[in-house]
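These are my notebook entries on a structure that I went through residue by residue. I kept them in the order in which I looked things up.

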Amino acid sequence: MRSAIFFFLSALFLGAFIDAEPAAAASLGRYEVVGVEEGDMLKMRGGPGTGFNVIVGLPNGTDLRVHSCEQTGGTRWCRVSLVRARGLKGYVSWAYLRKI
């Protein structure tokens with residue numbers, strides 16, 4: 001668990017300096033990660049599906065900006081960026097997002 005938190009914080013810190021850009025006007029808005037079981041994290045992936053590499057784990061309460069969503073198989077995947085580190089982008093399952 002300690003290494004997962006360290007990995008998440010490292011990714012957040014690095015994301016603040018990589019590919020920083022203004023917030024996209026065409027986004028679906030801000031959402032937070034919800035419904036992840038205790039001791040687990042929502043996996044942000046490099047593409048819309050479980051076959052893509054995991055970029056970072058996101059705990060409940062993480063603020064995200066949703067840019068777009070698409071259906072892949074039985075799962076709706078959304079292209080997101082972290083609110084506090086906009087350069088950190090990837091895909092997460094819509095099932096774990098709540099509008100804020």
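Entry 1, a histidine. I began with H67 and asked whether this residue is buried or exposed in the model, which is a predicted one. H67 has a relative accessible area of 13%, and because buried means under 20%, I entered H67 as buried. I then looked up its place in the fold and found H67 in strand β4. For the side chain I noted a polar contact between H67 and the side chain of S81, at 2.8 Å. I also checked a pair distant in sequence: H67 and L28 are 39 residues apart along the chain, yet their C-alpha atoms are separated by 5.6 Å.

Entry 2, the overall fold. I stepped back to count elements, and I found one helix and seven strands in the protein. Read from the N terminus on, the order is α-β-β-β-β-β-β-β. Of the 100 residues in the protein, 39% are buried. I also looked at how contacts spread along the chain: among those with a separation of 6 or more, 62% are between residues 24 or more positions apart.

Entry 3, the core. Which residues of the largest nonpolar core touch the most other members? This core has 16 residues, and the ones I wrote down in reply are M44, L58, L64, V80, L82, V92 and L97. I then listed the elements that give two or more residues to this core, and these are β1 (29-33), β2 (42-45), β3 (54-58), β4 (63-72) and β5 (75-82). The most comes from β5, which gives three residues.

Entry 4, the pocket. I turned to the largest pocket, for which I recorded about 190 Å³ of space. Its lining is made up of G35, V36, E37, D40, M41, L42, K43, R45, T50, W77, S93 and Y96. Sorted by character, the lining residues divide into five nonpolar, three polar and four charged. Among the elements, β2 gives the most to this lining, with three residues.

Entry 5, a serine of the lining. Since S93 was on the pocket list, I followed it further and found S93 in strand β6 (residues 89-93). S93 is buried, with a relative accessible area of 11%. Leaving out residues up to four places away in sequence, S93 touches L42, T75, R76 and W77. Of these partners, L42 and W77 also appear in the lining of the largest pocket.

Entry 6, a threonine in a loop. Where is T62 placed? I found T62 in the loop between β3 and β4, and I noted that T62 is buried, with a relative accessible area of 9%. A polar atom of the T62 side chain lies 2.7 Å from the backbone oxygen of P59.

Entry 7, the segment after the last strand I checked. I ended with I100, which lies in the segment after β7 (97-99). I100 has a relative accessible area of 46%, so I entered this residue as partly exposed. Apart from residues up to four places away in sequence, I100 touches R30, Y31, E32 and D63. I also compared I100 with G29, 71 residues apart along the chain, and noted a separation of 8.2 Å between their C-alpha atoms.

Conventions. Residues are numbered from 1 along each chain as its sequence is written. This is a predicted model: local features need pLDDT of at least 70, side-chain atom pairs count only at pLDDT 80 or more; totals for chains, interfaces and linings use all residues. Side-chain values use heavy atoms; hydrogens and water are left out. Helices (H or I, at least four residues) and strands (E, at least two) are DSSP runs, numbered from the N terminus. Buried means under 20% relative accessible area, exposed over 50%, partly exposed in between (1.4 Å probe, protein chains only). Contact means heavy atoms within 4.5 Å. A nonpolar core is a set of buried Ala, Val, Leu, Ile, Met, Phe, Trp, Tyr and Cys residues joined through side-chain atoms within 4.5 Å. On a 1 Å grid over the protein atoms alone, a cavity is a set of points where a 1.4 Å probe fits but cannot get out, and a pocket is an open set with protein on both sides within 12 Å along at least five of seven lines; lining residues have an atom within 4 Å of a point. Grid points are joined across faces, edges and corners, and a volume is the space filled by probe spheres set on the points. Ala, Val, Leu, Ile, Met, Phe, Trp, Tyr, Cys and Pro count as nonpolar, Asp, Glu, Lys and Arg as charged, and the others, Gly among them, as polar. A polar contact is a pair of N or O atoms within 3.5 Å; within protein, one must be able to donate a hydrogen and the other to accept it, and residues adjacent in sequence count only if both atoms are side-chain atoms.
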